[in-house]
Amino acid sequence: MKESIKPERLAIVVPCYNEEEMLALSSEALRGVLKDLAGKGKIAQDSFILFVDDGSRDATWELIEKEHRKFPQVKGLKLAGNVGHQFALTAGLLTARDMSGVTVSIDADLQDDILVIEEMIDKFQEGCDVVYGVRSDRKTDSFFKRTTAQAFYKLMAVMGVKTVYNHADFRLMSKRALEEFSKYQENNLFLRGMIPLLGYKTDQVYYERKERVAGESKYPLGKMLSLAFNGISSFSVKPISLIIGLGVCIVAGSVLAALYALISYFTGHVVAGWTSLILSIWFIGGVQLLSIGLIGQYIGKIYIEVKHRPRYHIEKILDENEMIKVS
C-alpha cells in the first residue's frame, strides 16, 4: 500500500507597496486558493497568506490588519520604512520559512495566475524544490514593454547571468530551498538570478498574465532599468571586460589615425581637421567618464556589502492570535 504524503503548511508571501485598492481583492482570491487546496488535501488546513507592507504611504497596513482580524489565515509583516520590492520579498520569504513547509511568492496585483499554484504544489509533491511561474506569452504588454523585456533577458544571457525567461518573482520554494537561500547575505539583491544558483530540482508552470484590475504598476521603466543594471552588475563583471575591449579598440583606432596623418603629411595631402579633432576628444572624454562611472558602480556595491548593514527592519508581525511588536 502506497504511503500517503502528509500535506505541508503553505505560506503565500505577498509584498505590498501602496496596494490599498488591491489588497481586499488579493486577500479574497488567495483565501479562495487556500480553501480549495486544503479541501483537496494538497496543503495543510492551517496554511496562510503573509502580506508584507513595504513602508506603504496609503492605508495598506490598516487594511492588512483589518483582513487579519476577520480571517485568521491572513498574517501581516510591517517593515520599518520602504526598502524596495526585492528586500520586502526577502523579508517575507525568510519569515515564512520558519512558519511553513513550502512557500509561494506572488505580487499583490493578481496579474499572475493564482490558479497555477495548485500545479506548483503538485510539482513540489513530485520532488521539486523550486517551481517557476513563467508567462506563456506577452500579449497583454505594449510593444515597447514587450520589446524591452525580451532585450533584458537576452542581455542577461549575454552577460552570463542565469535567469528563467519570462519569469519574475512568482515561484514556489521548499523549506530546504529557503534555508539555502538564507545563506546568501548580499545587500544587492536580484532574486531572479539568485534562486537558479541554488541548484535544486526545478520545474516550470506556464500561464497567461492578466491585466491589473486596480491600482498602478510599481515597476515603471526607470525601476525596470535599475533592476536590470543591478542584476547585471551583481552577477557579472563582463561590463568591465567590455570597457577593456573598448579601450583596446580606441587605442587601435588612434594608432591607425596617427598612421593616416603621417602618410598624409609626407604625401602633401594634409586635411584641416579641427572639427574631427574636437569630436574625437569629446568622444574619448565621454568614454572615459562612462567607464569611470561604471567602475564606480561596482566599487559602490563593494562599499555597501562590506558594511554588513541589515537589509530591512521589521516593525510588526500579525500572527493568528496577537500582534507581536518586533524590536
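This is a short tour of the chain, stop by stop, with a suggestion of what to select at each one.

**Before you start**

The model is predicted, so local features are reported only at pLDDT of at least 70 and side-chain atom pairs only at pLDDT 80 or more, while totals for chains, interfaces and linings use all residues. Numbering runs from 1 along each chain as its sequence is written, and side-chain values use heavy atoms, with hydrogens and water left out.

**The whole chain**

Select everything and colour by secondary structure. You will find 10 helices and 9 strands; these are DSSP runs numbered from the N terminus, with helices being H or I of at least four residues and strands being E of at least two. Of the 327 residues, 44% count as buried. Buried means under 20% relative accessible area, exposed means over 50%, and partly exposed lies in between (1.4 Å probe, protein chains only).

The chain exposes about 17800 Å², and carbon and sulfur atoms supply 61% of that area. The areas come from the Shrake-Rupley method with a 1.4 Å probe; for residues, only the protein chains shown count as cover. Among contacts with a separation of 6 or more, 82% are between residues 24 or more positions apart, a contact being heavy atoms within 4.5 Å.

**Helix α1**

Now select residues 23–39. This is α1, with 17 residues and a reach of 24 Å from its first C-alpha to its last, close to the 24 Å expected at 1.5 Å a residue. The expected span is 1.5 Å times one less than the number of residues.

Show side chains for Leu23, Ser26, Ser27, Leu30, Arg31, Val33, Leu34, Leu37 and Ala38, the buried residues of α1. They are on the same side of α1, because they cover an arc of only 155° around the axis; the arc is that of the directions from the helix axis to the C-beta atoms. Turn to the other side of α1 and you meet Glu28, Lys35 and Gly39, which are exposed.

What do the buried residues of α1 pack against? Add β1 (10–16), β2 (48–53), α2 (60–70), β3 (74–79) and α4 (117–125) to the view to see these partners.

**Just past α1**

Step on to lysine 40, in the loop between α1 and β2. Lysine 40 is partly exposed, at 45% relative accessibility. Select glutamate 118 as well: the two are 78 residues apart in sequence, and their C-alpha atoms are 10.0 Å apart in space. Their side chains are joined by a polar contact of 3.0 Å, meaning a pair of N or O atoms within 3.5 Å where, within protein, one must be able to donate a hydrogen and the other to accept it, and residues adjacent in sequence count only if both atoms are side-chain atoms.

Glycine 41, also just after α1, has a positive phi of about 75°.

**Positive phi without glycine**

Go to asparagine 18, in the loop between β1 and α1. Its phi is positive, about 55°, although asparagine 18 is not a glycine. Asparagine 18 is partly exposed, with a relative accessible area of 21%.

Then try leucine 110, in the loop between β4 (102–105) and α4. Leucine 110 has a positive phi near 60° and is buried, with a relative accessible area of 16%.

**Helix α2 and two cysteines**

Select α2 and pick out its buried residues, Thr60, Trp61, Ile64, Glu65, Glu67 and His68. They share a side of α2, because their arc around the axis is only 165°.

Finish with cysteine 16, buried at 1% relative accessibility, and cysteine 128, buried at 3%. How many disulfides does a search of the whole structure find? The search finds 0, taking a disulfide as a pair of cysteine sulfur atoms within 2.5 Å.
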